[in-house]
Amino acid sequence: MKKVLRTKASAALCVALAASAGCGDTADTAPAGALPADVARVLQGGCVSCHAATPRYGAPMPMVTYADLQRPALSNPARKVWQLMGERVHDPVRPMPPTGLAAADLAVIDAWVAAGAPACTGASCGTVTPPTGNGPSLPCVPTHTFSAHAAGSQAPFTVAGAAGNSNKCFAFRSPFNGTTQATAFGPSVNNASVLHHMILFATDTPQTEGAVFNCDGNMPRDARFVTGWAPGNMGTVLPGDVGAELPGASAWFILQVHYWNVQSAPADDASGLALCTTDTPRPHAAAVTTLGSADIAIPPRAQDHAVTGNCTPSLTEPVHIIGSGPHMHRRGTALRTEIIRGGAAQGQTTMLVDVPNFSFDAQVNYPSDTLVMPGDVLRTTCRFRNMDAQTVYFGERTEDEMCFNFVLAWPAGALSNAGGALARRCIDRAM
Ligand code: HEC
């Protein structure tokens, strides 16, 4: 909840500061100067993909020049951007960048912040080159793109001005015939200044073609993750002999786009998720199986509450897991899935995926190449922090919680336990 409050505060401030233009364009009273080369290198590698001259993917301010770092922070004008930078790179809950910094890079930032962020003089200065263009693109020619659009129309979707956070859903009837496979997934970024992250779900619950709706509380219960994208994720390319099953024409896709418009003006966007597909099935068909737990009750003010869900599949042959898509809501802090070799009694484990700093805003696919053998058990553990005075339960609304790992595995459907094959979930306790 803290995050939402902060966002509102910075959005309001942004509107107050920005007379007509956007937030990054305020009159420059910050001191000029140069950045030390090592600091410039860390900003280049870890920050400027979002904190660009025109900030992207929900980042509130640019971090390109020395002056950018000397400006008052939007969320707290009493402090400078570099001061907040020194804190956020160590923030255990909301680290910057969302995927964390390497220890060597942290040391560079720490030393500079401790010295009071001095301007550089002489030969050891560096510059940051902000990205141009609109972010990553697919490594293949997409055959289908599910994009944001105005209700019932092909026109771009209009994101309201100064809207802060919003979560919009777009429904599409499946254009596939049931034999089509995906060979790659990737983003189609249109307006990076308002796009935050995107998730494509599939569902068998009937939708309305072309519908646009607020996602909160309106996601069908059977919605399953197909692919997701957050800044930094370059897309997922499947191995050459594996294709991901796509549901046929009776199913629906829901594109969930998380917007973050801090500008006062409305903005158009037609971003989406693109798929490369083939109608000549590849030797191995992969499908998404849901692991985790729906048995969630996080006590009031719990600092670190763990929820664990086991999957005991009935396997006759090995299963290849080629990707994980961890999914929790805003109280999720960490998620891991371990493979317990030979079942719980044996104790020897293989880590399938371990996300110690989970961020709702950076939900991506983690590729893997891991074998599950007959007799193995998969244990998924989610950790939550609940700042509120009431218990939080499982549910689809953002204020409810989830603990799922959507794993992409082949042979399709093999990773399932008794009764879970059709639902494509492997959760030992009944949902
Ligand atoms: C993937 C995109 C992305 C990357 C990469 C990124 N940021 Fe951010 N940053 C954001 C978003 C979105 C916000 C606003 C939400 C929030 O505060 O968590 C933000 C907010 C911040 C804030 C808070 C500003 C305020 O006024 O409160 C600081 C400081 C910051 N980032 C520093 C950094 C630094 C330093 C790096 C690199 C080491 C970095 N960020 C990398 C997206 C990013």
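A salt bridge is a side-chain nitrogen of Lys or Arg within 4 Å of a carboxyl oxygen of Asp or Glu. Keep that in mind as you click around, because side chains of opposite charge can pair when their charged atoms come close. What you have open is a predicted model, and it holds eleven salt bridges.

**Stop 1: the ligand**

Start by selecting the ligand and showing what surrounds it. There are 27 residues around the ligand, and Cys47, Cys50, His51, Ser75 and Met96 come nearest. Now colour domain 1 (2–126) and domain 2 (144–278). Both give residues to the shell around the ligand, so the ligand lies between them.

What is the shell made of? It divides into 17 nonpolar, six polar and four charged residues.

Zoom in on some individual contacts next. Pick the side chain of His51: one of its N or O atoms is 2.8 Å from a nitrogen atom of the ligand. Over at Ser75, a side-chain N or O atom sits 2.6 Å from an oxygen atom of the ligand. For Leu74, show the backbone instead, since a backbone N or O atom there lies 3.5 Å from a ligand oxygen.

**Stop 2: helix H4**

Which helix gives the most to the shell around the ligand? Select H4, which supplies three residues. Helix H1 (2–17) is worth a click too, as H1 and H4 each supply at least two residues of the shell.

Stay on H4 (residues 81–88) and look at how covered it is: six of its eight residues are buried. To see them, select Val81, Trp82, Leu84, Met85, Gly86 and Arg88.

**Stop 3: a buried pair**

Go to Asp68 and Arg71, whose side chains meet in a salt bridge, with N and O 2.5 Å apart. Are these two buried or exposed? Buried means under 20% relative accessible area. Asp68 has 8%, so it is buried, and Arg71 has 17%, so it is buried as well.

**Stop 4: a link across the chain**

Next, select Arg341 and Asp376, which form a salt bridge at 2.6 Å, N to O. This pair links distant parts of the chain, 35 residues apart: Arg341 is in the loop between strands S19 (332–340) and S20 (349–355), and Asp376 is in the loop between strands S21 (366–372) and S22 (377–384). Asp376 counts as buried, at 3% relative accessibility.

**Stop 5: a network**

Finish by selecting Arg336, Glu338, Asp354 and Arg379 together, which are linked in a network of salt bridges. Within this group, the closest N and O atoms of Glu338 and Arg336 are 3.9 Å apart. Glu338 is buried at 10%, whereas Arg336 is partly exposed at 32%.

Technical notes
Residues are numbered from 1 along each chain as its sequence is written. This is a predicted model: local features need pLDDT of at least 70, side-chain atom pairs count only at pLDDT 80 or more; totals for chains, interfaces and linings use all residues. Side-chain values use heavy atoms; hydrogens and water are left out. Buried means under 20% relative accessible area, exposed over 50%, partly exposed in between (1.4 Å probe, protein chains only). Helices (H or I, at least four residues) and strands (E, at least two) are DSSP runs, numbered from the N terminus. A residue is near a molecule or strand if one of its heavy atoms lies within 4 Å of it. A polar contact is a pair of N or O atoms within 3.5 Å; within protein, one must be able to donate a hydrogen and the other to accept it, and residues adjacent in sequence count only if both atoms are side-chain atoms. Ala, Val, Leu, Ile, Met, Phe, Trp, Tyr, Cys and Pro count as nonpolar, Asp, Glu, Lys and Arg as charged, and the others, Gly among them, as polar. Domain bounds come from an automatic or database domain assignment.
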